[in-house]
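Student: I would like to go through this model by question and answer. Please show the sequence and the structure before we start.

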Amino acid sequence: MTTKTNRSLKAFFLSASVAALSLGTVAPLAAQTAAPVPQASEVEMSDAKLEAFVTALLGVEEVRVDYTPQIEAAASEEEQAELVNQANAEIIEKIDAVPDLTVDEYVTIAQVAQQDQELGARIAMMVEAQTN
């Protein structure tokens, strides 16, 4: 794979939050940058907000599962880029469909959960409860 292809795949995987929270992983919707990680105080972390986050996260995971094999099997970089764009659009739709949660809030919660083990564990328990 070329560097451009690797970047496209990396962008997709960074953009598709992984619902494997039970494994301790939370990837943000947006690619990580040099910007500081938001603080928990920048977004409400109530049970209701976290439940909304988990609902969105599970929807995002569905998109990731659907698109990952297609992106990996794409015949060209252009096809990969188109699939990544489609997946990202569906991810945004999944998040927007969840009441009381914005894409920015989703990204912030995911980023904070990466840094805050307690929050990550709390989200993991919520994911487990919703998937059982």
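**Helix α5 and its surroundings**

Student: What span does α5 reach from its first C-alpha to its last?

Tutor: This is a predicted model, in which local features need pLDDT of at least 70, side-chain atom pairs count only at pLDDT 80 or more, and totals for chains, interfaces and linings use all residues. Residues are numbered from 1 along each chain as its sequence is written, and side-chain values use heavy atoms, with hydrogens and water left out. Helices here are DSSP runs (H or I, at least four residues), numbered from the N terminus. With 15 residues, α5 is close to the expected span at 1.5 Å a residue (1.5 Å times one less than the number of residues), and its own span is 21 Å.

Student: Why are the buried residues of α5 on the same side?

Tutor: Buried means under 20% relative accessible area, exposed over 50%, and partly exposed in between (1.4 Å probe, protein chains only). In α5 the buried residues are L119, G120, I123, A124, M126 and V127. They lie on the same side of α5 because the arc they cover around the axis, taken from the directions from the helix axis to the C-beta atoms, is only 165 degrees.

Student: Which residues are exposed on the other side of α5?

Tutor: An α-helix has 3.6 residues a turn, so residues three or four places apart point the same way. The cover over the buried residues of α5 includes α2 and α4. Exposed on the other side of α5 are Q117, E118, M125 and A129.

Student: Which residue caps the N-terminal end of α5?

Tutor: The cap is a polar contact (a pair of N or O atoms within 3.5 Å, one able to donate a hydrogen and the other to accept it; residues adjacent in sequence count only if both atoms are side-chain atoms). A side-chain oxygen lies 3.0 Å from the backbone nitrogen of E118. The capping residue is D116.

Student: Which element gives the most residues to the largest nonpolar core?

Tutor: A nonpolar core is a set of buried Ala, Val, Leu, Ile, Met, Phe, Trp, Tyr and Cys residues joined through side-chain atoms within 4.5 Å. The largest one has 31 residues, with F53, L101, Y106, I109 and I123 having the most contacts inside it. Two or more residues come from each of α2 (47–73), α3 (77–96), α4 (103–115) and α5 (117–131). With 11 residues, the element that gives the most is α2.

Student: Which backbone nitrogen does the side chain of E105 reach?

Tutor: E105 has its place in helix α4. Its side chain makes the approach at 2.9 Å, to the backbone nitrogen of T102.

Definitions and conventions: Contact means heavy atoms within 4.5 Å.
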